[in-house]
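Colleague: I'd like to learn how to read a model like this one, feature by feature. Could you walk me through it?

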Amino acid sequence: KKRKKSQKNEENFRFLITKLKGRKFRFERKRMQNKFSVIKIVQENKVGFVIGFSATIGLIAFSQTKKGQRMLASFLPSSFFSNPYSSLEPAAAAAKFAQNFELEYGNTRPNFAEESYINVFSRAKNEFKFVVVYLHSWLHDDTDAFCNDLLGSEMVSTFLNENFIVWANDVRSSEGFQLSLLMNATSYPFMAVVTSNTTGGITLLDSWEGPIDGEDLLSRLTSVLENHGGMLTQARIERETRDSDRRIREEQELAYQQSLQADEERERQAQLALQREIDERRRIEQEEQNQILRQRDKERKREELAKSLLPEPKADEANIVRIAIRLPDGSRLQRRFSSTWKLQTIYDFVESQRGDLKEFDLVSSHPRTVYSNRDQTLESAGIIGTSSLFVEEH
């Protein structure tokens with residue numbers, strides 16, 4: 001009963017469209033004597049005809065179906081229908097189409113690239129693959145069968161996923177519409193195999209419009225791979241050759257830079273060695289010069305001390321102290337001193353005789369006594385008569 005009612009609605013709808021197609025018209029709502037509402041469709045400058053309330057409800061219901069909408073699209077402007085892709089960016093439109101495809105036809109489908117077709121062509125070039133473009137038009141009667149039987153086929157989807165990058169979109173989207181014009185798509189469903197060319201555009205390798213069975217589709221796709229696959233192989237070889245040449249150049253450049261750095265390091269080390277040699281020579285020369293100056297200073301000081309010494313007392317004078325002084329090298333000095341003189345006099349005498357001595361003290365052996373207080377007199381220090389002292393350097 002429902003099927004008969006649906007068929008009746010379709011017949012009425014088809015009749016209505018036939019009457020309205022190509023004509024100007026308007027709708028008027030009228031109320032009949034039986035109080036049921038009717039729709040009067042009035043053609044311009046002509047007498048209209050009336051559709052009863054029950055028939056109106058049936059027509060409205062049928063107009064909501066996909067078949068009804070396709071029939072409406074045959075005479076209504078495209079602006080009459082809402083466009084879900086009008087405000088979307090290219091990538092978002094591709095993603096929305098993939099989502100809508102799953103809702104309408106199920107999860108078995110090719111892996112539609114959810115990006116702009118420009119990005120898809122760039123990626124295909126890098127991956128050495130052809131691009132299969134599918135343009136979807138919901139208004140065409142063959143679209144549902146194509147999507148269900150072919151794109152929804154496990155075999156076709158697997159073949160496409162393994163050998164191609166698939167980009168699909170609705171012709172209502174901006175990029176779908178652009179490609180439909182670019183590839184002269186006049187009927188749908190439309191599918192094409194394309195590749196990017198050296199000028200930055202695309203080359204159409206094969207295309208087909210309208211219904212096609214699965215074997216023919218796979219056969220044509222296989223033929224594209226067999227006839228044009230050499231393009232991809234050649235592109236891959238050229239890419240590998242360029243990459244190999246680039247790696248060789250980079251390795252050569254690296255080797256050159258390393259060699260240059262090694263030469264610069266050797267030169268730097270040689271400069272450092274030369275500088276160290278120069279610095280060492282200067283240090284030795286400076287040390288020798290300082291040694292000479294120190295020796296001269298010691299000679300001058302020794303001469304000044306010799307001149308400043310009090311004359312040696314005579315042997316028969318009173319308070320005479322005879323002192324023998326042993327030096328670090330084993331040599332001895334002897335001299336007479338007055339017991340009233342300070343110990344500094346003995347220190348001055350030793351320095352006036354031996355200017356090469358370091359800082360030193362005068363020391364007696366038995367008992368060991370260090371005479372460090374140079375302001376003491378010999379007598380107060382206990383040095384009387386004949387004494388022996390030795391020089392102890394610090």
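Modeller: Sure, and let's start with a term we'll need: a residue counts as buried when its relative accessible area is under 20%, and as exposed when that area is over 50%. Keep in mind too that this is a predicted model. Take F128: its relative accessible area is 14%, so F128 is buried.

Colleague: Where does F128 sit, and what is its phi?

Modeller: F128 belongs to the loop between α5 (117–127) and β4. Its phi is near 55 degrees, a positive value in a residue other than glycine.

Colleague: And N184, is that one buried or exposed?

Modeller: N184 is exposed, with a relative accessible area of 58%. N184 is no glycine either, yet its phi is positive, about 55 degrees. You'll find N184 in the loop between α8 and β6.

Colleague: Before I go further, how much confidence does the predictor give this protein?

Modeller: The average pLDDT for the protein is 83, and 79% of the residues score at least 70. Over residues 23–54, though, the pLDDT is below 50. That stretch still has 56 contacts in the model beyond near neighbours in sequence. As a general point, predicted coordinates should not be read in detail where pLDDT is low.

Colleague: Fair enough. What does the overall inventory look like, in helices and strands?

Modeller: The protein has 10 helices and 12 strands. Of its 394 residues, 35% are buried. Take the contacts between residues at least 6 apart in sequence: 61% of them join residues at least 24 apart.

Colleague: Now helix packing. What do I look at to describe a pair?

Modeller: The general idea is that two packed helices are described by the angle between their axes and the distance between the axes. Try helix α7 (residues 154–163) with α9: their axes come within 11 Å and cross at roughly 15 degrees. Angles under 35 degrees count as roughly parallel, so α7 and α9 are roughly parallel to each other. Their crossing is left-handed.

Colleague: Which residues make that contact?

Modeller: From α7 you have M155, V156, F159, L160 and N163, and from α9 there are L217, L218, L221, T222 and L225. By type, the residues of this contact divide into eight nonpolar, two polar and no charged.

Colleague: What about α9 with α10: at what angle do the axes cross?

Modeller: Roughly 135 degrees, with the axes of helix α9 (residues 214–308) and helix α10 (residues 343–353) coming within 8 Å. The two helices are therefore oblique to each other. Here, too, α9 passes α10 in a left-handed crossing. On the α9 side the contact is made by K301, R302, L305 and A306, and on the α10 side by D348, E351, S352 and Q353. This contact divides into two nonpolar, two polar and four charged residues.

Colleague: OK, on to single residues in strands. What does V131 touch?

Modeller: Leave out residues up to four places away in sequence, and V131 touches V120, F121, A124, I165, W167, A192, V193 and V194. V131 has its place in strand β4 (residues 130–136). With a relative accessible area of 1%, V131 is buried. You can also check a distance: the C-alpha atoms of V131 and Y117 are separated by 9.4 Å, and these residues are 14 apart along the chain.

Colleague: How would the same reading go for E393?

Modeller: E393 lies in strand β12 (residues 386–393). Its relative accessible area is 33%, so E393 is partly exposed. Setting aside neighbours within four places in sequence, E393 is in contact with P328, L357, K358, E359 and F360. The C-alpha atoms of E393 and D361 are separated by 6.4 Å, although these residues are 32 apart along the chain.

Colleague: Last one: which peptide bonds are cis?

Modeller: One of them runs from Y188 to P189, with omega near 0 degrees. P189 is in the loop between α8 (174–182) and β6 (190–196). Another cis peptide bond joins H366 and P367, where omega is about -10 degrees. P367 is found in the loop between β10 (360–364) and β11 (369–371).

How values were computed
Residues are numbered from 1 along each chain as its sequence is written. This is a predicted model: local features need pLDDT of at least 70, side-chain atom pairs count only at pLDDT 80 or more; totals for chains, interfaces and linings use all residues. Side-chain values use heavy atoms; hydrogens and water are left out. Axes are lines fitted to C-alpha atoms, for helices over the stretch in contact, and angles run from 0 to 180 degrees between N-to-C directions. Helices (H or I, at least four residues) and strands (E, at least two) are DSSP runs, numbered from the N terminus. Angles under 35 degrees count as roughly parallel, over 145 as roughly antiparallel, 65 to 115 as roughly perpendicular and the rest as oblique. A crossing is left-handed if the near helix is turned anticlockwise from the far one by less than a right angle, and right-handed if clockwise. Contact means heavy atoms within 4.5 Å. Ala, Val, Leu, Ile, Met, Phe, Trp, Tyr, Cys and Pro count as nonpolar, Asp, Glu, Lys and Arg as charged, and the others, Gly among them, as polar. pLDDT is the predictor's confidence in each residue, from 0 to 100. Buried means under 20% relative accessible area, exposed over 50%, partly exposed in between (1.4 Å probe, protein chains only).
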